[in-house]
Amino acid sequence: MKEDYLWDKTGSDPAIERLENTLRVFSFDESSRQTPAPAIEVVEKPSFFRLLSVGFAAAAACIAIAMISWTLSNQFEGVEDAAVVDHGQATTSVADVAVPVEPALTKPDSAVMEVSSGAKRHKAIRKRAIRPVAITAKANRRKPDVEKLSKEEIYAYNRLVLALSITGDKLNLVREKIKGE
Amino acid sequence: MRLPIKYLLLVTMLLLAAIPTLAQDAHIRFDRLDQLETKARDVVEVNIDGKLLDLAKRVTAKVNNPDSKKVALAISGLKGIYVRVYNFQNESEYDMADIDDIRNQLQAPGWERIANVRSKRNNQKVDVFTMFTGDMMSGVAVVVSEAKSVAFVNVIGPIDIDLLAELSGKMNIPRLEIEKDPSTTSKPKDEKE
């Protein structure tokens, strides 16, 4: 094989020429070159179930958060006023019974006795001086000894006592039935 | 990316399972008692919870009285107390369907009926329900229906029922006789001022 023909095609080499002719079919034809096909971007669409599960999870999380905050807000909610509504004849003994509680939380009557004339005042003071123990004991029996209470505290206590009294009364019904009264 | 989806589904299911647990509480809804309110002659409505209850507990603890101390102890864990009493002019003036909403709520899981009293006198029916969360009492409900009155009591939180019934009529918790047959009414022994 002559290397010159292979190098710069000078001279002739029948074997190589024959080889070239055979392989010419596979040579690159610049004229028939085609631009490559545009690259197709494959966008992977999220599957329906994936979307559904994400949405489901988000909705459940929102519902759970709302429930938790609602439950917590209910626990620390402000108070509704206790109301006694009378229709027509208001003879609810509840209101009447609740009233005695209020004086129990104020000063005893004996301590705030007011008199108009000097003689009456003197008599009242003498009464208080003579029988302070008896009056105080009676006052203590009727009215529990409490510190100064604000209006709100008195109101709250009254309402609580009212509620507990009704509850206790109803529970007593069961107790009495069980005891056979 | 398949692994996170499984976790998401698991978390979702756990959250959904937790929601009923959060919703279940001992609070009875009295919203649908409008019918009773319109028919009743008089209505007693007491709602104590939140700050008012805390205030009342503090006052009860301050009162220097042995019974009051017992009450303060009995209600120390209380979270709320709701009372509705409806008194009617005539017998059978209300429909049992009006009370069914409350009874249905008490059929929900968690509530257990511990007492059931029926009396033909005054057509009286008393039901006492309790709800427990673990070993702790989380609520009490009492439903009393008579010929001329209906009463609902809902207590949220642990409370000593026996002590409360025992203390009724003592201290400044007077025994109430809102509606009783005049022929059987006895003079109350409460301390009136």
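**Close-up 1. Gly77(B), in the loop between α4 and β2 of chain B.** In this predicted model, Gly77(B) counts as partly exposed, with a relative accessibility of 26%. Look for Pro158(B) beside this loop residue: the two are 81 residues apart in sequence, yet their C-alpha atoms sit 5.6 Å apart in space. Once neighbours within four places in sequence are set aside, Gly77(B) is in contact with Pro158(B), Gly157(B) and Lys57(B).

**Close-up 2. Helix α4 of chain B, residues 66-74.** Which residues of this helix are buried? They are Asp67(B), Ser68(B), Val71(B), Ala72(B) and Ala74(B). Seen down the axis of α4(B), the buried residues fall within an arc of 160°, so they line one face of the helix. Over on the other side of α4(B), Pro66(B) and Leu73(B) are exposed. As a reminder for reading this view, an α-helix has 3.6 residues a turn, so residues three or four places apart point the same way.

**Close-up 3. Ile159(B) and the largest nonpolar core.** This core holds 37 residues, and the ones touching the most other members are Ile81(B) and Ile159(B). Chain A has a hand in it too: helix α8 of chain A (residues 151-179) supplies nine residues, the largest share of the core. Zoom in on Ile159(B) and, leaving aside neighbours within four places in sequence, you'll find contacts with Leu164(A) from chain A and with Ala74(B), Ile75(B), Leu78(B), Met137(B), Val140(B) and Leu164(B) from chain B. Apart from this core lies another, of 22 residues, including Val43(B), Phe88(B), Met131(B) and Ile156(B). In soluble globular proteins, nonpolar side chains tend to be buried together.

**Close-up 4. Asn154(B), a residue of strand β6 in chain B.** The strand covers residues 149-156. Is Asn154(B) buried or exposed? Asn154(B) is buried, because its relative accessible area is 0% and the cut-off for buried is under 20%. So what does the side chain of Asn154(B) reach? One partner is the backbone oxygen of Ala26(B), at 3.0 Å; another is the backbone nitrogen of Ile28(B), at 2.8 Å. Not counting residues up to four places away in sequence, Asn154(B) also touches His27(B), Phe30(B), Gly80(B), Ile81(B), Tyr82(B), Trp111(B), Val140(B) and Ala141(B), along with Ala26(B) and Ile28(B) themselves.

**Close-up 5. Aromatic rings around Phe152(B), which pairs with Tyr86(B).** Over all chains, the count of aromatic pairs comes to four. The pair of Tyr86(B) and Phe152(B) is edge-to-face, with 6.4 Å from centre to centre and 70° between the planes. It ties together distant parts of the chain, as Tyr86(B) belongs to strand β2 (residues 80-87) and Phe152(B) to strand β6, 66 residues apart. Both Tyr86(B) and Phe152(B) are buried. Bring Phe30(B) into the frame as well: ring pairs link Phe30(B), Tyr86(B) and Phe152(B) into a cluster.

**Close-up 6. Residues 174-193 of chain B, where pLDDT stays under 50.** The model has 41 contacts beyond four places in sequence for this stretch, but go easy on the fine print. Where pLDDT is low, the predicted coordinates should not be read in detail. For chain B as a whole, the mean pLDDT is 78, with 79% of residues at 70 or more. The model itself scores ipTM 0.73 and pTM 0.53.

Definitions and conventions. Residues are numbered from 1 along each chain as its sequence is written. Chains are lettered from A and ligands numbered from 1 in the order in which they are written. This is a predicted model: local features need pLDDT of at least 70, side-chain atom pairs count only at pLDDT 80 or more; totals for chains, interfaces and linings use all residues. Side-chain values use heavy atoms; hydrogens and water are left out. pLDDT is the predictor's confidence in each residue, from 0 to 100. Contact means heavy atoms within 4.5 Å. Helices (H or I, at least four residues) and strands (E, at least two) are DSSP runs, numbered from the N terminus. Buried means under 20% relative accessible area, exposed over 50%, partly exposed in between (1.4 Å probe, protein chains only). A polar contact is a pair of N or O atoms within 3.5 Å; within protein, one must be able to donate a hydrogen and the other to accept it, and residues adjacent in sequence count only if both atoms are side-chain atoms. Rings of Phe, Tyr and Trp (its six-membered ring) pair if their centres lie within 6.5 Å; planes under 30 degrees apart count as stacked, over 60 as edge-to-face and the rest as tilted. A nonpolar core is a set of buried Ala, Val, Leu, Ile, Met, Phe, Trp, Tyr and Cys residues joined through side-chain atoms within 4.5 Å. The arc is that of the directions from the helix axis to the C-beta atoms.
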